[in-house]
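User: Could you take me through this model in plain terms? I'd like short questions and short answers.

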Amino acid sequence: AENSERPVYWLKHPQPNLLIPFGIKNLYKFGEMSKLQNALIILDEPQLLLPVEDRKANLHLIRLFSLARQRKLQFLIATSDSRWITRGAEAYVNVWCIKDIDYDLIKQGSRAKKIIKEAEIFEPSDFTLEINEYYLWTRFAPEFNGKKKFDKPQGFTEAHSTPYSQDYTPEIQQV
């Protein structure tokens, strides 16, 4: 998101004041995304934000991805639980950045499970990353696939990493 040339929005950030220094705008309602064009939208822990009416298909997410292609929207989805993402929704995902994942909790047939099986030579359950690493997999540029290192963005704190924590009390800023 830090390197995006598009305007960046965050859906229902629990502590919107944390976004101000980064120039990220908060979206307060799911429907606000349908009015955007040529933007990057961050969904953090979408399983908390998007209703899952049917365990076989998350229709809201699939509809959102379909709209995205026509409106030139990109999504950055961060989740600690990939099990709720269906195969139908996975079909829209072109890039996976795996930061920290428990292989045994990934559902069978998931793209994430396949990526880790390809990445780990012996036992997929042994897959580990250093704190400043992620594993990149991209559908259209496989030459970029593999472990990568990153630096935290300047000004990034633990409060940004755990926005749902009740331990953090933000200063109120007027926008």
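Analyst: Helices here are DSSP runs of H or I with at least four residues, strands are E runs of at least two, and both are numbered from the N terminus. It's a predicted model: local features need pLDDT of at least 70, side-chain atom pairs count only at pLDDT 80 or more, and totals for chains, interfaces and linings use all residues. Residue numbers start from 1 along each chain as its sequence is written, and side-chain values use heavy atoms, with hydrogens and water left out.

User: Which helix holds Glu90?

Analyst: Ignoring neighbours within four places in sequence, Glu90 is in contact (heavy atoms within 4.5 Å) with Ile85, Trp96, Gly109, Ser110, Arg111 and Arg139. Its place is in the helix spanning residues 87-90, namely α2.

User: Glu90 has no salt bridge, so what is the nearest side chain of opposite charge, and how far away?

Analyst: A salt bridge needs a side-chain nitrogen of Lys or Arg within 4 Å of a carboxyl oxygen of Asp or Glu. For charge, Lys and Arg count as positive and Asp and Glu as negative, while His and the chain ends are not counted. Glu90 is buried, meaning under 20% relative accessible area (over 50% is exposed, in between is partly exposed; 1.4 Å probe, protein chains only), yet it has no such partner. The nearest side chain of opposite charge is Arg87, at 5.9 Å.

User: By the salt bridge rule, what does the count come to?

Analyst: Side chains of opposite charge can pair when their charged atoms come close. Lys149 does this with Glu133, their closest N and O atoms being 3.8 Å apart. Lys149 lies in β7 and Glu133 in β6, so the pair ties together parts that are 16 residues apart in sequence. By the rule, the count comes to 1.

User: Is Glu133 buried or exposed?

Analyst: Glu133 stands opposite Lys149 in β7. Lys149 has 58% relative accessibility and counts as exposed. Glu133 has 11%, so this residue counts as buried.

User: What is the strand order in the open sheet?

Analyst: Two strands pair if DSSP finds at least two bridges between them. Strands β5 and β6 run antiparallel and are joined by 4 bridges, with Trp96 opposite Trp137. Strand β6 (133-138) also pairs with β7 in the antiparallel sense, over 4 bridges, and here Tyr135 faces Lys147. The 3 strands therefore give an open sheet with the order β5-β6-β7.

User: Which strands stand at the edges?

Analyst: An edge strand here has a single partner, so one side of it is left without a neighbour in the sheet. The two in question are β5 (95-98) and β7 (146-149).

User: How many residues of β6 are buried?

Analyst: Strand β6 is largely enclosed by the rest of the structure. Of its 6 residues, the buried ones number 5.

User: Along β5, which side chains point to one face and are buried?

Analyst: The side chains alternate along this strand. Val95 and Cys97 point to one face and are not buried. Pointing to the other face, and buried, are Trp96 and Ile98.

User: What angle does the direction of α3 make with that of β5?

Analyst: Helix α3 (111-119) packs on the sheet and touches β5 and β6. Axes are lines fitted to C-alpha atoms (for helices, over the stretch in contact), and angles between N-to-C directions run from 0 to 180 degrees. The angle with β5 is about 65°.

User: Which element gives the most to the largest nonpolar core?

Analyst: A nonpolar core is a set of buried Ala, Val, Leu, Ile, Met, Phe, Trp, Tyr and Cys residues joined through side-chain atoms within 4.5 Å. This one has 20 residues, and Phe75 is one of those that touch the most other members. β1 (8-11), β3 (40-44) and α1 (59-71) each supply at least two residues. With 5 residues, the one that gives the most is α1.

User: How many residues does the second, separate core have?

Analyst: Ile115, Phe127, Leu129 and Tyr135 are among its members. The size of this second core is 12 residues.

User: How far apart in space are Thr157 and Leu18?

Analyst: Thr157 lies in the loop between β7 and α4 (158-161), and is partly exposed at 36% relative accessible area. Thr157 and Leu18 are 139 residues apart in sequence. In space, C-alpha to C-alpha, the distance is 9.6 Å.
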